[in-house]
Amino acid sequence: MKRKHWELTLIFILLVVLFATFLAIPAIRLLVKSFWGETGLTTEFYTSVLTAPQFGTALRNSFAVSAASALLAVGIAFVMAYLIHYTRLPRGIRRAIQAVATLPMFLPTITYGFAIIYSFGKQGLITRLLGHQIFNIYGFGGLLLGYVIYTVPVAFLLIHNTMGYVDKKTLVVSKAMGDGHLSTFWIAILRPLLGTLAGAFIQSFFLCFTDFGIPASVGGKYDVVATVLYNEMLGGVPDFNRGAVVALVMLLPSIVSILLLRFLERYNIRYDRISDADLRPNRVRDTVWGLSGTVLSVGMLSIFAVIFVVPLVQNWPYQTQFTLAHVQAVFADSELQTVYLHSLGMALCTAFFGTLLAYGAALITARSTLPKWRKQSVDSIALVTNTIPGMVLGLAFLFTFTGTPLQNTFPLMILCNIVHYFSTPYLMMKNSLSKMNAGWETTAMLMGDSWPKTILRVVTPNAASSLIEVFSYYFINAMVTISALIFLAGARTMVLTTKIKQLQYVNEYNEVFVLSLLILFTNLLAKAIFTWLANRSAQTGKRNNKKRKETKPSCI
């Protein structure tokens, strides 16, 4: 083995051992559990689950509400992204629309359901303002609204990022060729985005199909696969074998979704040069799209307004006098304070160790000369983690680590989060490292520097902004996740999201909303800090690179 490769080989071995222990083995245990009964190998559990009328109904319900939600979410996200990129509205308005589009990401999904109940229920805030209830919140309608709110941020980010790489001079060319408004809209905007729009739909569908938080609060009698899995595992009489079957069935749409996303990548249009042409003034265009985006934004904000209202009144909806008693009660409760510290500690540890893991994996694939099969192995690990829903991973961990020293511990919950969210941080770091000068390590080696010194002194400072973004991604997701942790958290390792689920059973909704606000403000503050640090790091990197170019000796 060459000296320059041993550090990367060690990182690769650690990666393989980690994911073999906390991904491959749990997945195999889950598969075995679905086939192995008291009498040995059997397909009885599959037959029992797949032929049950209730499961068939839940499966159809999941497909129906997920598809409808994904379609609406993509449409709303497109309107918001179009408003930002293709209108001449004031910059402040466009920034506000972008902030609203991503706001739901900072709250756990279980909170969406409670916000819908207190907004559109019989005594909800919006119902009282309108004088009548608009729709039945329990069932398809409530799930549809909750899922749309949940998936708009993901769809928006995908569409928004792609629109930034669409050559806007195509608009000018299309107009010069005499195309009509619809033709121009199709040629210059929709057609280049078809792959992304399809990808946003698939990603949104996948998130809806596998989410547990929203059905847990507004599902009612409208069964979906996630609630069937929860009831099988944590219901009155747990059935682990049937639960394993339901989990594996839930896994299939996830795998199909990822394969379709990979297939659709070939249909994305790539430009040799991207031009940001000035848009012509058009008051009608700006007014129409501006009003559309404003209405959608106000609609989303109005649903979450109840989170700020209910905990600040004495007893909603009967005594609406302002009070801070509920907030003070939460902060005076030592148990709730402990739960908050648990969440904060878990999120920070997840972000720290997850960032190190993603960075190490990206160094292997983007900054090394290791054999191709090793790099492909890391890419495959990222692909697999992206296909496993949180509930399925949590259940696999439950089967594997029950009865071990890791059961109901924070290390297990942290490891679960790291594995669950590994794919996106890894790809973020890989893309960042791939864009850097490929000769830095070679130059440093010729100058006598070791590989670790080169990484610490040269590569890491230039990757600092991306590392901070990855840290932020892990932190925020660890603060809001519930699907996997619902199977892993114990009485002594309760975090905010699992505590909210517990408070639901005793109808302590004031505490639910106060804890939700605590999560929201924590994530917003963290995001602001991480964004500032990332921007500052990026500016510092640009200045350092500029100095290097200025001081580089020239050949005469």
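A residue counts as buried when its relative accessible area is under 20%, as exposed when that area is over 50%, and as partly exposed in between. The legends that follow describe close-up views of a predicted model.

**Figure 1. The whole chain, shown before the close-ups, holds 24 helices and 4 strands.**
Of the 556 residues in the protein chain, 52% are buried. The protein chain exposes about 27000 Å², and carbon and sulfur atoms supply 63% of that area. Among the contacts in the protein chain that have a separation of 6 or more, 80% are made by residues that stand 24 or more positions apart.

**Figure 2. F422 and Y426 form a stacked pair of aromatic rings.**
A pair of aromatic rings is described by two quantities, namely the distance of the centres and the angle of the planes. The structure holds 27 aromatic pairs, and one of them joins Y112 to Y150, with ring centres 6.3 Å apart and planes at 55°, so this pair is tilted. Y112 belongs to helix 5 (residues 109-120) and Y150 to helix 7 (residues 140-163), so that the pair, whose members are 38 residues apart, links distant parts of the chain. Y112 has a relative accessibility of 2% and therefore counts as buried. For F422 and Y426, the ring centres are 5.5 Å apart and the planes lie at 15°, which is why the pair is stacked. F422 counts as buried because its relative accessibility is 1%, and Y426 is likewise buried, with a relative accessible area of 0%.

**Figure 3. Ring pairs link four aromatic residues into a cluster, and two charged side chains lie over rings elsewhere.**
The members of the cluster are F78, Y82, Y86 and W289, which are linked by ring pairs. The charged end of K33 sits over the ring of F399, at 5.6 Å from the centre of that ring. R128, in turn, lies over the face of W316, and its distance from the ring centre is 5.7 Å.

**Figure 4. T522, a residue of helix 24 (residues 509-551), makes a polar contact through its side chain.**
The partner in this polar contact is the side chain of Y340, at 2.9 Å. If neighbours within four places in sequence are left aside, T522 is in contact with Y340, L344, F475 and M479. With a relative accessibility of 12%, T522 falls under the limit of 20% and so counts as buried.

**Figure 5. A247 is placed in helix 12 (residues 240-264) and is buried.**
The relative accessible area of A247 is 0%, and A247 is therefore buried. When residues up to four places away in sequence are not counted, A247 touches L30, L229, V392 and L395. A247 and S34 are 213 residues apart along the chain, while their C-alpha atoms are separated by 9.1 Å.

**Figure 6. Two loop residues, A491 and N408, have C-alpha atoms 8.3 Å apart in space.**
In sequence, A491 and N408 are 83 residues apart. A491 lies in the loop between helix 22 (464-480) and helix 23 (496-505), whereas N408 is placed in the loop between helix 17 (390-401) and helix 18 (410-420). A491, at 78% relative accessibility, counts as exposed, but N408, at 36%, counts as partly exposed. Although N408 is not a glycine, it has a positive phi of about 55°.

**Figure 7. Helix 23 is largely enclosed by the rest of the structure.**
This description applies because 8 of the 10 residues of helix 23 are buried. The buried residues of helix 23 are L496, T497, T498, K499, I500, K501, L503 and Q504. Helix 23 is followed by N507, which has a positive phi near 55°.

**Figure 8. Strand 3 (residues 313-315) and strand 4 (residues 319-322) pair in the antiparallel sense.**
The pairing of strand 3 with strand 4 runs over 2 bridges, and the two strands form a hairpin that has 3 residues between them. V313 stands opposite F322, a residue in strand 4. In a regular strand, the side chains alternate between the two faces of the sheet.

Notes. Residues numbered from 1 in each chain as written. Predicted model: local features only at pLDDT ≥ 70, side-chain atom pairs only at ≥ 80, totals over all residues. Heavy atoms only, no water. Buried < 20%, exposed > 50% of the residue type's maximum accessible area, 1.4 Å probe, protein only. Polar contact = N/O pair within 3.5 Å; in protein donor to acceptor, adjacent residues only side chain to side chain. Contact = heavy atoms within 4.5 Å. Areas by Shrake-Rupley, 256 points an atom, 1.4 Å probe, with all protein chains shown as cover. Phe/Tyr/Trp six-rings, centres within 6.5 Å; stacked < 30°, edge-to-face > 60°. Lys NZ or Arg CZ within 6 Å of the ring centre and 35° of its normal. Pairing = 2+ DSSP bridges.
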